[in-house]
Amino acid sequence: MQNWYHIIPKNTGLSIYVWIIFCGLPFFFIFRSSSVLDIVLGILMVLLFFLAYRLSFISDNWMVYVWVSIEMAISIVMTILFGYIYFALFLAFFIGNIRSKAGFLTLYIVHLTTTVATTTFVFIIKNESLFPHLPFIIISVLGVILLPFTIYYRNKRIALEGQLEDANKRISQLRVIEERERIARDLHDTLGQKLSLIGLKSDLAGKLLEAKPEAAKKEIHDINQTARTALKEVREMVANMKGAKLEEEVIRVQQLLEAAQIEFELEGDTNLKHAPPLVENVLSMSLKEACTNVVKHSQATVCRIHVQQSKEKTRVSVEDNGTGIAKEKAGMHGHGLQGMRERLEFVNGTLGVSSPPGGGTSLYIEVPNIIQSTKQEESV
């Protein structure tokens with residue numbers, strides 16, 4: 001419910017000065033009476049009405065309906081005794097603020113029925129006194145009919161707008177969190193690959209340092225170049241968030257595998273013709289993670305990459321002849337597979353891992369070209 005001091009309704013289409021007149025108008029009707037007893041009774045009923053009206057706003061339980069019932073009774077008595085119908089507008093405003101749909105409809109029907117019945121009864125028996133006020137009475141009855149629904153749906157709209165605003169804020173926060181996680185994964189994948197390559201070449205340089213100094217110098221030079229490349233890629237990623245091309249990623253993957261003394265085989269065209277940039281970026285990062293896993297965990301001597309593409313989807317397979325992936329790891333939680341799966345889910349992609357009977361590990365990445373298709377459909 002609204003605060004009690006909203007005794008004068010706002011945003012109902014009537015000026016605040018009109019509501020002030022309605023607050024003082026009952027005394028005009030009361031003092032027209034010649035009987036002192038009627039005047040005292042009328043003043044007491046007005047004061048009791050506004051007291052009940054205040055209490056109805058600060059009550060949150062069944063007492064609300066008690067106070068509204070008292071207000072309705074006072075409105076009926078004031079209409080019969082003094083021909084003052086305008087308390088019905090205050091009631092109409094308050095009923096519109098009832099949040100419960102059942103309570104709102106019940107009070108609305110009761111209030112409308114009693115108002116129309118009382119006004120009709122008084123108009124019949126006191127035609128001469130109410131006839132001059134007929135236009136205002138008609139307006140008041142229309143207010144009793146329309147005002148509660150206006151207030152009720154306005155309050156629902158305000159509540160929905162508040163929920164929408166909260167939801168938009170939550171979405172913005174989630175987008176920030178999602179972007180941070182994506183950047184963290186991309187940085188991990190980029191640095192992980194390069195650091196793995198640096199580690200492999202460092203081990204190789206250490207072994208060649210005494211036996212083949214020239215070869216060791218070459219490996220050290222490659223380490224230096226790899227470190228510079230990693231630094232450059234990190235800067236580009238942070239500064240420009242540059243999307244990774246599959247064609248370029250395959251070249252880096254080949255260098256990584258060859259540095260680990262793993263034979264590299266490629267089938268298919270790495271120049272994707274149908275995949276949009278976002279999908280290609282996700283594919284490239286997933287391929288990088290898959291090949292990094294091959295180097296770190298598989299103990300393989302051969303790694304094959306197969307690229308298949310159509311207008312509807314793109315599929316990349318990574319196969320090795322290593323030790324295979326353990327069954328407990330195949331549930332997408334080991335070797336960084338969970339991160340790959342989450343990244344692919346962002347573009348409705350799928351990830352599958354299996355251990356063929358002949359040994360090794362077979363991993364496939366499949367993504368639909370949905371982003372490009374959606375744009376084409378919108379343009380049509």
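In the predicted model, Leu41, Val77, Ile80, Leu81, Phe121, Ile124 and Ile125 form a nonpolar patch of about 580 Å² on the surface. Two elements, α3 (63–82) and α5, each contribute two or more residues to this patch. One of the patch residues, Leu81, is located in helix α3. Leu81 has a relative accessibility of 39% and therefore counts as partly exposed.

Helix α5 spans residues 101–125 and comprises 25 residues. The distance from its first C-alpha to its last is 36 Å, close to the 36 Å expected at 1.5 Å a residue. Buried positions in α5 include Gly103, Phe104, Leu107, Tyr108 and His111. Thr115, Thr118, Thr119 and Val122 of α5 are likewise buried.

Further along the chain, strand β1 and the loop that follows were examined. Phe264 belongs to strand β1. Because its relative accessibility is 16%, under the 20% limit, Phe264 counts as buried. When residues up to four places away in sequence are not counted, Phe264 touches Val250, Gln254, Leu257, Cys303 and Ile305. A separation of 9.7 Å was computed between the C-alpha atoms of Phe264 and Asp320, which are 56 residues apart along the chain.

Thr270 is found in the loop between β1 (263–267) and α10 (277–298). With a relative accessibility of 9%, Thr270 also counts as buried. Apart from neighbours within four places in sequence, the contacts of Thr270 are Leu246, Glu247, Val250 and Val307. Val250 thus appears in the contacts of both Phe264 and Thr270.

Notes:
Residues are numbered from 1 along each chain as its sequence is written. This is a predicted model: local features need pLDDT of at least 70, side-chain atom pairs count only at pLDDT 80 or more; totals for chains, interfaces and linings use all residues. Side-chain values use heavy atoms; hydrogens and water are left out. Helices (H or I, at least four residues) and strands (E, at least two) are DSSP runs, numbered from the N terminus. Buried means under 20% relative accessible area, exposed over 50%, partly exposed in between (1.4 Å probe, protein chains only). Contact means heavy atoms within 4.5 Å. The expected span of a helix is 1.5 Å times one less than its number of residues. Patches are made of residues with over 30% relative accessible area and no salt bridge: like charges are joined within 9 Å, nonpolar side chains (Val, Leu, Ile, Met, Phe, Trp, Tyr) within 5 Å. Accessible areas come from the Shrake-Rupley method with a 1.4 Å probe; for residues, only the protein chains shown count as cover. A salt bridge is a side-chain nitrogen of Lys or Arg within 4 Å of a carboxyl oxygen of Asp or Glu.
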